[in-house]
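Please walk through this protein chain with me, beginning with its overall layout and ending with a few single residues.

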Amino acid sequence: TAASQCSSAMSSEVEETLRRIQSHKGVKGVLIVSAAGVPIRSDLDPEETNTYAALLSQLAMKARSVVRTMDETDDLTFFRLRSKKHEIMVAPDAEYLLIVIQRPTD
């Protein structure tokens with residue numbers, strides 16, 4: 001059916017995008033997490049996946065709340081968190097979060 005072909009094409013596009021992100025130098029992991037914090041896809045081990053998914057989905061909800069509190073017509077589109085060991089980039093969507101963890105380069 002046309003719907004399954006569209007779904008298949010979208011799925012391969014997602015796969016290609018994930019491969020492209022994972023191939024960047026310094027990328028430690030890529031996660032796709034539901035808005036509720038449930039991991040959907042990850043190339044990290046299960047324990048790390050669950051930890052990142054739970055904590056970053058909570059942080060994304062809080063960050064979105066801050067943005068909306070400051071201006072109710074605005075919304076969170078992206079945020080970056082950098083520590084001494086990692087840089088975490090989060091692109092939230094209505095239903096999903098795309099999370100990329102990388103080692104920072106100086």
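The paragraphs below go from the chain as a whole to its pocket, its nonpolar cores and three chosen residues.

The model is a predicted one, and its secondary structure consists of two helices and five strands. Read from the N terminus, these elements follow one another in the order α-β-β-α-β-β-β. The protein chain has 106 residues, of which 30% are buried, and its accessible surface amounts to about 7,300 Å², with 55% of that area belonging to carbon and sulfur atoms. If one takes the contacts between residues at least 6 apart in sequence, 36% of them join residues at least 24 apart.

We turn next to the open space in the model. Rolling a probe the size of a water molecule over the atoms shows where empty space is left. The largest pocket has a volume of about 350 Å³, and among its 13 lining residues those closest to the centre are Val14, Ile32, Asp93, Tyr96 and Leu98. Several elements contribute to this lining, since at least two residues come from each of α1 (2–22), β2 (39–42), β4 (87–92) and β5 (96–102), while the largest share, four residues, is supplied by α1. Sorted by class, the lining of the largest pocket holds 10 nonpolar residues, one polar residue and two charged residues.

The buried side chains come next. The largest nonpolar core has 15 residues, and the members that touch the most others are Leu31, Tyr52, Ile88, Val90, Ile99 and Ile101. Two or more residues of this core are given by each of β1 (27–34), α2 (46–70), β4 and β5, and α2 gives the most, with five residues. Apart from this core lies another one, of seven residues, which includes Leu18, Val27, Val30 and Met89. Within the largest core, Val90 can serve as an example of the packing: leaving out residues up to four places away in sequence, Val90 touches Leu56, Phe78, Phe79, Leu97, Leu98 and Ile99.

Two residues of helix α2 can be set side by side, Ala53 and Gln58. Is Ala53 buried or exposed? Ala53 counts as buried because its relative accessible area is 0%, and buried here means under 20%. Gln58, by contrast, counts as partly exposed because its relative accessibility is 48%, a value that falls between the limits of 20% and 50%. Both residues can be related to Ala35: the C-alpha atoms of Ala53 and Ala35 are 9.6 Å apart, with their positions 18 residues apart in sequence counted as the separation, and those of Gln58 and Ala35 are 9.2 Å apart at a sequence separation of 23 residues. Beyond its neighbours within four places in sequence, Ala53 is in contact with Leu31, Val33, Gly37 and Pro39.

The last residue to consider belongs to a loop. His86 is found in the loop between β3 (79–82) and β4, and which residues does His86 touch, not counting residues up to four places away in sequence? They are Lys28, Tyr52, Leu81, Ile101, Gln102 and Pro104, and two of these names, Tyr52 and Ile101, have already appeared in the largest nonpolar core. His86 and Gly26 are 60 residues apart along the chain, yet their C-alpha atoms are separated by 9.5 Å.

Terms used: Residues are numbered from 1 along each chain as its sequence is written. This is a predicted model: local features need pLDDT of at least 70, side-chain atom pairs count only at pLDDT 80 or more; totals for chains, interfaces and linings use all residues. Side-chain values use heavy atoms; hydrogens and water are left out. Buried means under 20% relative accessible area, exposed over 50%, partly exposed in between (1.4 Å probe, protein chains only). Contact means heavy atoms within 4.5 Å. Accessible areas come from the Shrake-Rupley method with a 1.4 Å probe; for residues, only the protein chains shown count as cover. On a 1 Å grid over the protein atoms alone, a cavity is a set of points where a 1.4 Å probe fits but cannot get out, and a pocket is an open set with protein on both sides within 12 Å along at least five of seven lines; lining residues have an atom within 4 Å of a point. Grid points are joined across faces, edges and corners, and a volume is the space filled by probe spheres set on the points. Ala, Val, Leu, Ile, Met, Phe, Trp, Tyr, Cys and Pro count as nonpolar, Asp, Glu, Lys and Arg as charged, and the others, Gly among them, as polar. A nonpolar core is a set of buried Ala, Val, Leu, Ile, Met, Phe, Trp, Tyr and Cys residues joined through side-chain atoms within 4.5 Å.
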